[in-house]
Amino acid sequence: MNAFLRRLGSWALTILAVHAVAFLLVRSTRGGPFDSERSLSPEVREALEAHYHLDQSILHQYIEALRGLLRGNLGPSMHYRDLGVWEILSAGIPVSLGLGLGGILVAVVLGVTSGLGSARRPSGKIDTITRWTSSLVMGIPNFILAGLGVAYFSFYLGWLPSAGSEQATHFILPSLALGLPFAGQLSRLVRAEGLKILAEDSIRAARSRGLPELHILRFHVLPRTLVPVAAFLGPATAGMLTGSLVIEQIFALPGIGTHFVQAALNRDYTLALGATVLYTALLGAATWAADIWVSRLDPRIET
Amino acid sequence: MSVLRGVLVTALLLHAGACGKDPAALRIANGPDPSSLDPHLASSVSEGRILSSLWAGLTKSNPTNLEVMPGLAETWTPSENGRIWTFKIRDNLRWSDGSPLTTKDVKASWVRLQNPKTGAPYQNWVADASISTSSNSVRIEFPNPQPQFPAMCSWPALAPIPPGLRNENEIPGEVSSGPYTLKYWKIRDRVRVIRNPFYWKKNSEAPESIDFLTVESSFTALNLFLSGEVDWTPLVPRLAALALVKKKEPSFSASPRLGTTFLRFQAPPSSIHDYSTIKTLSDAIDRKKLAEVVGPGSIPAISLTPPGLPGYAPPLPSRFSHPVKPKLHGRLELIFPSSDANRIVAEFLQDQWKRNLGVEVLLVNQEWKAFLRTQQSGNYQISLSSWIADYPDPLSFLEIFHSDSGNNRTGWENVQYDTLLDMASQEGNPSERLKILRRAESLLIRGGPIVPLTHEAGTDLISSQWSNIRPGPMGNINWERIRPRSGAK
């Protein structure tokens, strides 16, 4: 329980620290939310600044923002004038989570199976193909993978839609583009771990008892390779969250990734701050979940 | 493994949540999310497309010839040389919920627009006006003649809005006056609009519903169009546009828009010695080549106002000067907002000035909002700029260089220019007024702080299944006239 509270406390502190730094960063950038090609009249600008409290001191504005955060009120967006920050972000959470989980699924399923297959016969055909492929997908940025995927699966084969979010099929290409580079990394990790385990006496003993190879892989090797997989998932989630910004844009997915970038560009102070806090909270929660999984798999590790 | 199973199930559930939307009859890859669906608050071109489907003005603009046509108002009459306008509103007008749309709504909407607290970008259009109503007419009185006011009324910025929206207890567009009404707005996804059964003009053949999809990348928009997932996109990547022209692709069109790309110079004497230096730099640019580089439909500009403004012929610049080495204090610096399209123009200018004048130019790109601040502060030598018409009148362009204008941003103050614009605003005779504006523009392009580069073009990919969809020079569309081509749908 103590460990839980400690972790919760550090998670909350991280959010507050990120909130403070993000507030300072976004406010020190040149340009403001109401700058546009067509200048507003001075009276309109003054009225807008008063409405969003931008006419008050920075300290006062920070305290107000902090108070809002503690009350769970992220305020109104300064760019999307009809909407509140939480309204905007909450609309994108299911899509972003769906995309992130799709990416993790691709990474874990492809990474673990190809890694195990590779470890079973080092330097064999499967191993050579897997190692080449994983190097390739790790080396190619996800937006290039996305482009290649669209060209092949949408235009050449005509199997999958090129963008949009209406059907589940719309998520296949984005999940692949997002997850494949991580699948490559995971495949290498599982291969290395698998090779170590397969060389152990216990596995040799199992083989000598005549256990089928698949049984050995499934029940003796796989559970033990999951420890590094779980440990890898924390940083991988971080990578996917940042990687999803580009993928969401390419596939026109209505997630929160684009807000993260666009809010900063629009100097939408409240939305930029809200998106940063949400990302920090999600990231903290994902690493926490991965740590819990690791400790479940290997009780020697504490969270 | 149970965790993995959990991930799988959650992923499937979340994906399932995203499914099940029926596509609209007409699908448009429109651009970024609108900042608002309130016609008084939004101002961008992509927002304008959505707003014009939801909100009807007192007048309409003919997409082809920009002629002002009746909208919610049947007729309009000027008095005192266009200082006072009286609009006769149609009988039995209704909002999309069936409630009556009256002259009181028009007055209350314009009063709201006048209030600085509304935060409307076009507040200055009616800021000094006084408005009164009778049972079937609205009278607006300005301190000076405003002959362009009926044309301005076709813009959503002056559209009347319903009482619920004025009292801020209604989602903008939920109750509308235009050919369509809002079904839903899912941010970062789409704005879905459906036909408004109470629209004043019969529109039963127009598409039942329209999706304005949020698509920011022009490449994604192209992919969506090519795979048949959208029917129209005004976002066409430059390279693709060049290839489509070469291929003579029938679904592609590039047409002129009322917009101009130009250079603003910090007014001499600053780091640039005098106006003849600006003239020399201007004459050293091969604009024909520049227009080719910019992309299909773009045309060389020698004036700030584009061709096609009703009744107005832009003035010609003074004769070409002989290329002489311009008088400069050191190296020149050109700032531009970060984007591929702007970088291409900036690099072209850098090359031209190096090649033709031996002048070195440092290119500095700045992110959009930072660029605007630099431009407003006047802390630059040359900045790449553009302007599109808010209404089809030369004043929409020329007023930006009045010394009082917040859009001037060059420090240029010319008493003669200001006087000419003020004279034009007092002139009641439309053709005399345009002559005065032409004199003002002549002064601006011959001795002012700007160098026109190209007039802008709109590029569109439109499915052959629809007709009457092609936007006009203001980017305007008559939504109720859109029809499926016979046999296509």
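How many residue pairs in polar contact does the rule find across the interface of chain A and chain B? I opened my notebook with that one, keeping in mind that this is a predicted model. The rule finds 27 such pairs, with both residues at pLDDT 80 or more.

**Entry 1: who touches whom**

Next I looked up which elements of chain A give two or more residues to the side that touches chain B, and they are helix 2 (42-51), helix 4 (85-120), helix 6 (142-156), helix 9 (213-250) and helix 10 (257-265). Helix 4 of chain A provides the largest share of that side, with 10 residues. For the contact as a whole I noted 60 residues from chain A and 63 residues from chain B.

**Entry 2: area between the chains**

I then turned to buried area. Chain A and chain B bury about 5,000 Å² between them, and 58% of this lies on carbon and sulfur atoms. Three residues caught my eye here: A:Glu37, A:Arg38 and A:Glu166 supply 16% of the area that chain A buries against chain B, more than any other three residues.

**Entry 3: charges across the interface**

How many salt bridges are there between chain A and chain B? I wrote down four. One residue from the previous entry turns up again, as A:Arg38 forms a salt bridge with B:Asp390. The closest N and O atoms of that pair are 2.8 Å apart.

**Entry 4: inside chain B**

I moved on to how chain B is divided. Domain 1 takes in 2-234 + 463-484, while domain 2 covers 256-457. Their contact takes 18 residues from domain 1 of chain B and 17 residues from domain 2 of chain B. I also noted the spacing of the two centres, which is 31 Å when taken over C-alpha atoms.

These two domains of chain B bury about 1,400 Å² between them, with 62% of it on carbon and sulfur atoms. I looked for salt bridges between domain 1 and domain 2 of chain B, and the count is zero. For polar contact I have five residue pairs between the two domains, both residues at pLDDT 80 or more.

**Entry 5: a helix with a bend**

Last stop was helix 7 of chain A (residues 172-198). How far apart are the end C-alpha atoms of this helix of 27 residues? They are only 34 Å apart, short of the 39 Å that a straight helix would reach at 1.5 Å a residue. Looking along helix 7 of chain A, I found a kink of about 40° at A:Gly179. The proline A:Pro181 follows shortly after the kink.

Conventions
Residues are numbered from 1 along each chain as its sequence is written. Chains are lettered from A and ligands numbered from 1 in the order in which they are written. This is a predicted model: local features need pLDDT of at least 70, side-chain atom pairs count only at pLDDT 80 or more; totals for chains, interfaces and linings use all residues. Side-chain values use heavy atoms; hydrogens and water are left out. Helices (H or I, at least four residues) and strands (E, at least two) are DSSP runs, numbered from the N terminus. The expected span of a helix is 1.5 Å times one less than its number of residues. The bend at a residue is the angle between axes fitted to the seven residues ending there and the seven starting there. Domain bounds come from an automatic or database domain assignment. Contact means heavy atoms within 4.5 Å. Buried area is the accessible area (1.4 Å probe) that two parts lose on being put together, summed over both. A salt bridge is a side-chain nitrogen of Lys or Arg within 4 Å of a carboxyl oxygen of Asp or Glu. A polar contact is a pair of N or O atoms within 3.5 Å; within protein, one must be able to donate a hydrogen and the other to accept it, and residues adjacent in sequence count only if both atoms are side-chain atoms.
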